[in-house]
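Here are a few exercises to work through with the model open. Try each one yourself before reading on.

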Amino acid sequence: MEEVRVRFAPSPTGFLHIGGLRTALYDYLFARNKHGKVILRIEDTDQNRKVEGAVENLLESFSKLDIEFDEGSGIGGDFGPYMQSERLPIYHKHAQQLLDQGHAYRCFCDADTLDQMRKDLQATKQFPKYDRRCLALSREEIDSRIARGD
């Protein structure tokens, strides 16, 4: 049997709460019971909602509770980086591969457009979903939008 590896992946959009603590504790106890590892991965890609000091508060809280992670942000390990924002170059590389292979397409819809799309669908009691409007853009239109910085 392979080694058990579990992860706790909080978003630093606030301070540790009882639900997050419970999840981390379950992960920790399960990993220890199976002689596995528990990993701390910080989901910090939503920089607009990031709360200053949240990561430090999280690490301090776990330290006080004697919950020790085997790998993670500030700890290290073989599968880092453990801050998701530091993994963006990896994600960009794979996104480009999907684009090059025709398995993905670029979307240039801004937040207002997507919000209006959602409201229109909800007004007609339809499930909010993306209408794939950018799927049919020509190569020239895509290049033009990228050149404009869209």
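**Exercise 1.** In this predicted model, find where Ser 73 sits, then decide whether Ser 73 is buried or exposed.

*Solution.* Start with the chain: Ser 73 falls in the loop between strand 3 and helix 3 (88-100). Next, check the accessibility, which comes out at 13% for Ser 73. Buried means under 20%, so Ser 73 counts as buried. Finally, look at who surrounds it: skipping neighbours within four places in sequence, Ser 73 is in contact with Leu 40, Ile 42, Leu 59, Tyr 82 and Met 83.

**Exercise 2.** Leu 40 turned up in that list; work out its bridge partner in strand 3 and the order of the sheet's strands.

*Solution.* Leu 40 has Gly 72 as its bridge partner in strand 3. Two bridges join strand 2 (residues 37-40) to strand 3, and these strands run parallel. Now zoom out: three strands make an open sheet with parallel pairing, in the order 1-2-3. Strand 1 (5-8) and strand 3 (71-72) are the edges, each pairing on one side only. Helix 1 (residues 18-33) lies across strand 1 and strand 2, at about 165° to strand 1.

**Exercise 3.** Which residues have the most contacts inside the largest nonpolar core, and which elements each supply at least two of its residues?

*Solution.* The core has 15 residues, and the best-connected are Phe 8, Val 38, Leu 40, Ile 42, Leu 58, Phe 62 and Phe 69. Strand 1, helix 1, strand 2 and helix 2 (54-64) each supply at least two. Take Phe 8 as a test case: beyond four places in sequence, its contacts include Leu 40, Leu 58, Phe 62 and Phe 69.

Key: Residues are numbered from 1 along each chain as its sequence is written. This is a predicted model: local features need pLDDT of at least 70, side-chain atom pairs count only at pLDDT 80 or more; totals for chains, interfaces and linings use all residues. Side-chain values use heavy atoms; hydrogens and water are left out. Two strands pair if DSSP finds at least two bridges between them. Helices (H or I, at least four residues) and strands (E, at least two) are DSSP runs, numbered from the N terminus. Contact means heavy atoms within 4.5 Å. Axes are lines fitted to C-alpha atoms, for helices over the stretch in contact, and angles run from 0 to 180 degrees between N-to-C directions. Buried means under 20% relative accessible area, exposed over 50%, partly exposed in between (1.4 Å probe, protein chains only). A nonpolar core is a set of buried Ala, Val, Leu, Ile, Met, Phe, Trp, Tyr and Cys residues joined through side-chain atoms within 4.5 Å.
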